[in-house]
Amino acid sequence: MLIIGIAGGSGSGKTTVVKAIVNSLNKKVAVISQDAYYKDSSHIPVEERKNINFDHPDALDWDLLCKQLSDLREGKTIQQPVYSYLTCTRSKTETIPVEPAEVIIVEGILIFSVAKLRKLMDIKIFVDAEPDDRLMRIIYRDILERGRSMDTAFEHYCDTVKPMHLQFIEPSKRYADIIIPEGGHNKVAIDVISNTIEKALK
(Lines give C-alpha, C1' and ligand atoms only; values in the text may rest on other atoms or scores of the structure.)
Protein backbone atom coordinates (compact mmCIF):
# COMPACT_ATOMS: atom_id res chain seq x y z
CA MET A 1 0.00 0.00 0.00
CA LEU A 2 1.11 3.55 -0.79
CA ILE A 3 -0.24 6.63 0.97
CA ILE A 4 0.12 9.70 -1.21
CA GLY A 5 -0.44 13.24 0.04
CA ILE A 6 -1.55 15.91 -2.44
CA ALA A 7 -1.49 19.45 -1.07
CA GLY A 8 -1.65 22.96 -2.53
CA GLY A 9 -3.50 26.22 -2.10
CA SER A 10 -7.24 26.63 -2.52
CA GLY A 11 -8.08 26.64 -6.21
CA SER A 12 -4.70 25.25 -7.26
CA GLY A 13 -6.15 22.25 -9.09
CA LYS A 14 -5.65 19.49 -6.51
CA THR A 15 -8.90 17.75 -7.41
CA THR A 16 -7.94 17.74 -11.10
CA VAL A 17 -4.57 16.19 -10.24
CA VAL A 18 -6.20 13.55 -8.04
CA LYS A 19 -8.63 12.58 -10.81
CA ALA A 20 -5.84 12.45 -13.38
CA ILE A 21 -3.73 10.17 -11.18
CA VAL A 22 -6.66 7.90 -10.34
CA ASN A 23 -7.57 7.60 -14.03
CA SER A 24 -3.97 6.82 -15.01
CA LEU A 25 -3.50 3.99 -12.53
CA ASN A 26 -4.61 0.46 -13.15
CA LYS A 27 -5.00 0.00 -9.39
CA LYS A 28 -7.65 0.25 -6.71
CA VAL A 29 -7.43 3.78 -5.29
CA ALA A 30 -9.17 5.31 -2.25
CA VAL A 31 -9.33 9.10 -1.93
CA ILE A 32 -9.51 10.77 1.49
CA SER A 33 -10.34 14.47 1.56
CA GLN A 34 -9.11 16.74 4.34
CA ASP A 35 -12.44 18.58 4.05
CA ALA A 36 -14.27 15.66 5.67
CA TYR A 37 -12.33 16.16 8.89
CA TYR A 38 -13.29 19.68 9.93
CA LYS A 39 -14.31 19.83 13.57
CA ASP A 40 -18.03 19.79 14.28
CA SER A 41 -19.37 23.27 15.09
CA SER A 42 -22.96 22.38 15.96
CA HIS A 43 -22.36 23.74 19.49
CA ILE A 44 -21.57 27.20 18.09
CA PRO A 45 -24.48 29.62 17.43
CA VAL A 46 -25.39 29.65 13.74
CA GLU A 47 -24.55 33.34 13.33
CA GLU A 48 -21.04 32.80 14.70
CA ARG A 49 -20.24 29.87 12.41
CA LYS A 50 -19.64 32.20 9.47
CA ASN A 51 -16.50 33.37 11.31
CA ILE A 52 -14.89 29.91 11.31
CA ASN A 53 -11.48 30.00 9.65
CA PHE A 54 -11.42 26.89 7.46
CA ASP A 55 -7.89 27.73 6.29
CA HIS A 56 -6.30 27.37 9.74
CA PRO A 57 -4.92 24.00 10.93
CA ASP A 58 -6.81 24.31 14.23
CA ALA A 59 -10.12 23.91 12.38
CA LEU A 60 -9.38 20.25 11.63
CA ASP A 61 -9.53 17.00 13.57
CA TRP A 62 -6.04 15.75 12.70
CA ASP A 63 -6.12 13.00 15.34
CA LEU A 64 -9.10 11.34 13.65
CA LEU A 65 -7.58 11.67 10.18
CA CYS A 66 -4.28 10.17 11.31
CA LYS A 67 -6.03 7.33 13.13
CA GLN A 68 -8.18 6.46 10.13
CA LEU A 69 -5.17 6.52 7.80
CA SER A 70 -3.33 4.20 10.17
CA ASP A 71 -6.38 1.91 10.25
CA LEU A 72 -6.40 1.76 6.44
CA ARG A 73 -2.69 0.92 6.48
CA GLU A 74 -3.55 -1.99 8.80
CA GLY A 75 -6.20 -3.25 6.40
CA LYS A 76 -9.24 -1.95 8.28
CA THR A 77 -12.28 -0.29 6.70
CA ILE A 78 -12.93 3.20 8.08
CA GLN A 79 -16.04 5.33 8.44
CA GLN A 80 -15.09 8.70 6.96
CA PRO A 81 -17.03 11.65 8.43
CA VAL A 82 -19.46 13.72 6.37
CA TYR A 83 -19.06 17.47 6.82
CA SER A 84 -21.26 20.29 5.51
CA TYR A 85 -19.74 23.69 4.73
CA LEU A 86 -23.24 25.18 4.59
CA THR A 87 -24.12 24.30 8.19
CA CYS A 88 -20.51 23.94 9.48
CA THR A 89 -21.47 20.67 11.13
CA ARG A 90 -20.41 17.04 10.93
CA SER A 91 -23.22 14.56 10.38
CA LYS A 92 -24.04 12.55 13.50
CA THR A 93 -25.77 9.77 11.56
CA GLU A 94 -24.04 9.57 8.18
CA THR A 95 -20.53 8.36 7.35
CA ILE A 96 -18.85 7.06 4.20
CA PRO A 97 -17.19 3.64 4.40
CA VAL A 98 -13.73 3.58 2.84
CA GLU A 99 -12.01 0.24 2.28
CA PRO A 100 -8.24 -0.32 2.15
CA ALA A 101 -6.73 -0.02 -1.32
CA GLU A 102 -3.35 -0.38 -3.02
CA VAL A 103 -3.16 3.41 -3.23
CA ILE A 104 -4.59 5.84 -0.69
CA ILE A 105 -4.63 9.50 -1.75
CA VAL A 106 -5.03 12.15 0.94
CA GLU A 107 -5.74 15.61 -0.44
CA GLY A 108 -6.17 19.01 1.18
CA ILE A 109 -4.72 22.47 1.56
CA LEU A 110 -3.19 21.92 5.00
CA ILE A 111 -2.11 18.28 5.06
CA PHE A 112 1.63 19.06 4.90
CA SER A 113 1.40 21.46 7.86
CA VAL A 114 1.03 18.59 10.37
CA ALA A 115 4.14 16.52 11.08
CA LYS A 116 2.38 13.38 12.32
CA LEU A 117 0.29 13.28 9.16
CA ARG A 118 3.29 13.80 6.89
CA LYS A 119 5.00 10.81 8.53
CA LEU A 120 2.17 8.56 7.32
CA MET A 121 2.75 9.54 3.67
CA ASP A 122 5.01 7.66 1.28
CA ILE A 123 4.92 10.33 -1.45
CA LYS A 124 4.10 14.02 -0.97
CA ILE A 125 2.97 16.13 -3.94
CA PHE A 126 2.37 19.88 -3.93
CA VAL A 127 0.16 21.38 -6.65
CA ASP A 128 1.29 24.89 -7.50
CA ALA A 129 -0.66 27.58 -9.36
CA GLU A 130 -0.52 31.30 -10.01
CA PRO A 131 -2.33 33.36 -7.32
CA ASP A 132 -4.65 35.08 -9.81
CA ASP A 133 -5.72 31.71 -11.25
CA ARG A 134 -6.46 30.43 -7.77
CA LEU A 135 -8.38 33.61 -6.91
CA MET A 136 -10.74 33.18 -9.86
CA ARG A 137 -11.41 29.54 -8.98
CA ILE A 138 -11.95 30.32 -5.30
CA ILE A 139 -14.46 33.10 -5.97
CA TYR A 140 -16.34 30.95 -8.49
CA ARG A 141 -16.48 28.03 -6.04
CA ASP A 142 -17.54 30.21 -3.08
CA ILE A 143 -20.43 31.67 -5.06
CA LEU A 144 -21.51 28.36 -6.57
CA GLU A 145 -21.00 25.98 -3.63
CA ARG A 146 -20.93 28.05 -0.46
CA GLY A 147 -23.62 30.63 -0.99
CA ARG A 148 -21.39 33.71 -0.96
CA SER A 149 -21.89 36.82 -3.07
CA MET A 150 -19.10 38.22 -5.26
CA ASP A 151 -18.30 40.85 -2.62
CA THR A 152 -18.23 38.47 0.34
CA ALA A 153 -16.20 35.90 -1.63
CA PHE A 154 -13.55 38.50 -2.49
CA GLU A 155 -13.55 39.83 1.08
CA HIS A 156 -13.12 36.28 2.40
CA TYR A 157 -10.16 35.74 0.09
CA CYS A 158 -8.42 38.94 1.23
CA ASP A 159 -9.15 38.52 4.95
CA THR A 160 -8.68 34.76 5.35
CA VAL A 161 -7.61 32.70 2.34
CA LYS A 162 -4.61 34.76 1.25
CA PRO A 163 -3.04 35.35 4.71
CA MET A 164 -3.54 31.70 5.73
CA HIS A 165 -2.01 30.57 2.45
CA LEU A 166 1.07 32.68 3.12
CA GLN A 167 1.30 31.55 6.75
CA PHE A 168 0.61 27.82 6.50
CA ILE A 169 0.24 26.47 2.97
CA GLU A 170 3.03 28.08 0.97
CA PRO A 171 5.68 27.23 3.63
CA SER A 172 4.54 23.58 3.61
CA LYS A 173 5.69 23.29 0.00
CA ARG A 174 9.20 22.54 1.29
CA TYR A 175 8.00 19.14 2.54
CA ALA A 176 6.93 18.01 -0.94
CA ASP A 177 8.78 15.32 -2.84
CA ILE A 178 7.27 16.56 -6.10
CA ILE A 179 5.93 20.00 -7.04
CA ILE A 180 3.51 20.24 -9.97
CA PRO A 181 3.26 23.63 -11.65
CA GLU A 182 0.06 24.34 -13.62
CA GLY A 183 -1.90 21.75 -11.65
CA GLY A 184 -3.83 19.05 -13.48
CA HIS A 185 -2.99 20.52 -16.87
CA ASN A 186 0.62 19.37 -16.51
CA LYS A 187 0.36 16.04 -18.32
CA VAL A 188 4.11 15.35 -18.17
CA ALA A 189 4.09 15.63 -14.37
CA ILE A 190 1.02 13.38 -14.08
CA ASP A 191 2.70 10.74 -16.25
CA VAL A 192 5.90 10.90 -14.17
CA ILE A 193 3.93 10.57 -10.91
CA SER A 194 1.85 7.68 -12.23
CA ASN A 195 4.98 5.83 -13.34
CA THR A 196 6.61 6.49 -9.98
CA ILE A 197 3.59 5.06 -8.16
CA GLU A 198 3.48 1.97 -10.37
CA LYS A 199 7.21 1.38 -9.83
CA ALA A 200 6.93 1.84 -6.06
CA LEU A 201 4.07 -0.66 -5.86
CA LYS A 202 6.19 -3.28 -7.63
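So, Glu-198: leaving out its neighbours within four places in sequence, Glu-198 is in contact with Leu-25, Asn-26 and Lys-27. This is a predicted model, by the way, so take everything I say as read off a prediction. Glu-198 sits in helix H7, which covers residues 187-201. Buried or exposed, then, for Glu-198? Buried: the relative accessible area of Glu-198 is 19%, and the cut-off for buried is under 20%.

Okay, another polar residue along those lines. Thr-160 has its place in helix H6, and at 16% relative accessibility Thr-160 counts as buried too. What does Thr-160 touch, once you set aside the neighbours within four places in sequence? Asn-53 and Asp-55.

Right, on to the sheet. We have an open sheet of five strands, pairing in parallel, and the order reads S2-S5-S1-S6-S7. At the edges you find S2, residues 29-33, and S7, each of them pairing on one side only. On average, neighbouring strands in this sheet are turned by 20° against each other, ignoring direction. As a reminder, strands of a sheet pair through backbone hydrogen bonds, either parallel or antiparallel.

Let me zoom in on S6, residues 123-128. On one side, S6 pairs with S1, residues 2-8, in the parallel sense over five bridges. If you want a spot to click on, Ile-4 has Ile-123 in S6 as its bridge partner. S6 also pairs with S7, residues 178-181, again parallel, over four bridges. There, the bridge partner of Phe-126 is Ile-179 in S7. And why call S6 largely enclosed by the rest of the structure? Because five of the six residues of S6 are buried.

Now, what lies across the sheet? Helix H3, residues 62-73, lies across S1, S2 and S5, and H3 runs at about 170° to S5, which is residues 103-107.

That takes us to the packing. The largest nonpolar core has 36 residues, and the ones touching the most other members are Ile-32, Trp-62, Leu-69, Ile-104, Ile-111 and Leu-117. Which elements give two or more residues to this core? S1, S2, H3, strand S3 at 78-84, S5, and helix H6 at 150-169. H3 supplies the largest share, five residues. Apart from that core lies another one, of 17 residues, including Leu-25, Ile-125, Val-127 and Ile-197. In general, nonpolar side chains in soluble globular proteins tend to be buried together.

Let's stay with Trp-62 for a second. Not counting residues up to four places away in sequence, Trp-62 touches Gln-34, Pro-57, Leu-110, Ile-111, Val-114, Lys-116 and Leu-117. Ile-111 and Leu-117 were also in that list of core residues touching the most other members.

Last bit: cysteines. Cys-66 is buried, with a relative accessible area of 9%, whereas Cys-158 is partly exposed at 37%. How many disulfides do we count? Zero, using a cut-off of 2.5 Å between the cysteine sulfur atoms.

Notes
Residues are numbered from 1 along each chain as its sequence is written. This is a predicted model: local features need pLDDT of at least 70, side-chain atom pairs count only at pLDDT 80 or more; totals for chains, interfaces and linings use all residues. Side-chain values use heavy atoms; hydrogens and water are left out. Buried means under 20% relative accessible area, exposed over 50%, partly exposed in between (1.4 Å probe, protein chains only). Two strands pair if DSSP finds at least two bridges between them. Axes are lines fitted to C-alpha atoms, for helices over the stretch in contact, and angles run from 0 to 180 degrees between N-to-C directions. Contact means heavy atoms within 4.5 Å. A nonpolar core is a set of buried Ala, Val, Leu, Ile, Met, Phe, Trp, Tyr and Cys residues joined through side-chain atoms within 4.5 Å.
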